[in-house]
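Biologist: I am new to this structure and would like to learn how to read its charged side chains with some care. Could you take me through them, beginning with how a residue is judged by its accessibility?

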Amino acid sequence: MDQDLREFARMIEAADRIALFTGAGISTESGIPDFRSPGGTWTKQRPIDFSDFINSDEARRESWRRRFAMEPVLRRAAPNRGHRAVAELIRSGKAEAVITQNIDGLHQDSGIPDDQVIELHGNTTYAHCLDCGTRFEIESLRVDFEQDRIIPHCACGGWVKTATVSFGQSMPLNEMRRAERETLQADLFVAIGSSLVVYPAAGFPELAKRNGSALVILNLLETGLDEIADLVLNRPIGDTLGAVLGVD
């Protein structure tokens, strides 16, 4: 283990409470495409704004076409060494939860209970009614859509949408409050696989530093907050976390 990894391991060992924050980089190692980075999904097709989804059949149909086109990739994806290392930190009691920008459910698949995953941008592995909140499973919606191009809707009359936060849609208040509490209780904040340029989510590591926490950033590329970090590791996520925590 080189000096930077030894320092990271020392910081983890010394911490009383760790706040874990994950972005797309941890899941690209499981084959999930990145949305925001150069060459990512949103450089090839414009994201659909929430107001367009609400007001346009065409936008709703295109939104669902894109979601179902992703299904083979999502089905193949499995938690990687990085996800398992995050789960180990939570099992050990060093961290109480993981704050994530990801929508793929891989943290839950790694063994972290639902109530310990704080999803700032929602979850694409299921859908819900925008009016009454009824949950729908993706597979049950896909059959009707692919056979008859039926746009998913609820018996109550509301539109059904993946349980994600779209552009123009309000951030989930409860999750934002929980993420803030986790951040303020931590003496070590570890940002993993995020460019840290998308707000308000990128505000949490800044808040941690202002509150006296140490900040570690683990990401292949430079981030918008490297200059305030105590330790920056531009390395593969799974191999790095796995080596530091002894997770295969």
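Modeller: In this predicted model, Arg65 has a relative accessibility of 35% and counts as partly exposed, because that class covers values between the buried limit of under 20% and the exposed limit of over 50%.

Biologist: With which residue does Arg65 form a salt bridge?

Modeller: Side chains of opposite charge can pair when their charged atoms come close. Here the partner of Arg65 is Glu62, with 2.8 Å between the closest N and O atoms, and Glu62 is itself partly exposed, with a relative accessible area of 24%. Both residues belong to helix 5 (residues 57-76), where they sit three residues apart, about one turn of the helix.

Biologist: Which residue pairs with Arg142 in helix 8?

Modeller: Arg142 forms a salt bridge with Glu139, their closest N and O atoms being 2.4 Å apart, and the two lie three residues apart in helix 8 (residues 138-148). Through shared partners, salt bridges join Arg67, Glu71, Arg75, Glu139, Arg142 and Glu146 into one network.

Biologist: Where in the chain do the partners Asp2 and Arg235 lie?

Modeller: The side chains of Asp2 and Arg235 meet in a salt bridge at 2.6 Å, N to O. This pair links distant parts of the chain, 233 residues apart: Asp2 lies in the segment before helix 1 (3-14), and Arg235 in the loop between strand 9 (231-233) and helix 11 (237-245).

Biologist: How many salt bridges does the structure hold?

Modeller: The structure holds 15 salt bridges, and the protein has 27 positive and 37 negative charges, whose mean positions are 2 Å apart.

Technical notes:
Residues are numbered from 1 along each chain as its sequence is written. This is a predicted model: local features need pLDDT of at least 70, side-chain atom pairs count only at pLDDT 80 or more; totals for chains, interfaces and linings use all residues. Side-chain values use heavy atoms; hydrogens and water are left out. Lys and Arg count as positive and Asp and Glu as negative; His and the chain ends are not counted. The place of a charge is taken as NZ of Lys, CZ of Arg, CG of Asp or CD of Glu. A salt bridge is a side-chain nitrogen of Lys or Arg within 4 Å of a carboxyl oxygen of Asp or Glu. Helices (H or I, at least four residues) and strands (E, at least two) are DSSP runs, numbered from the N terminus. Buried means under 20% relative accessible area, exposed over 50%, partly exposed in between (1.4 Å probe, protein chains only).
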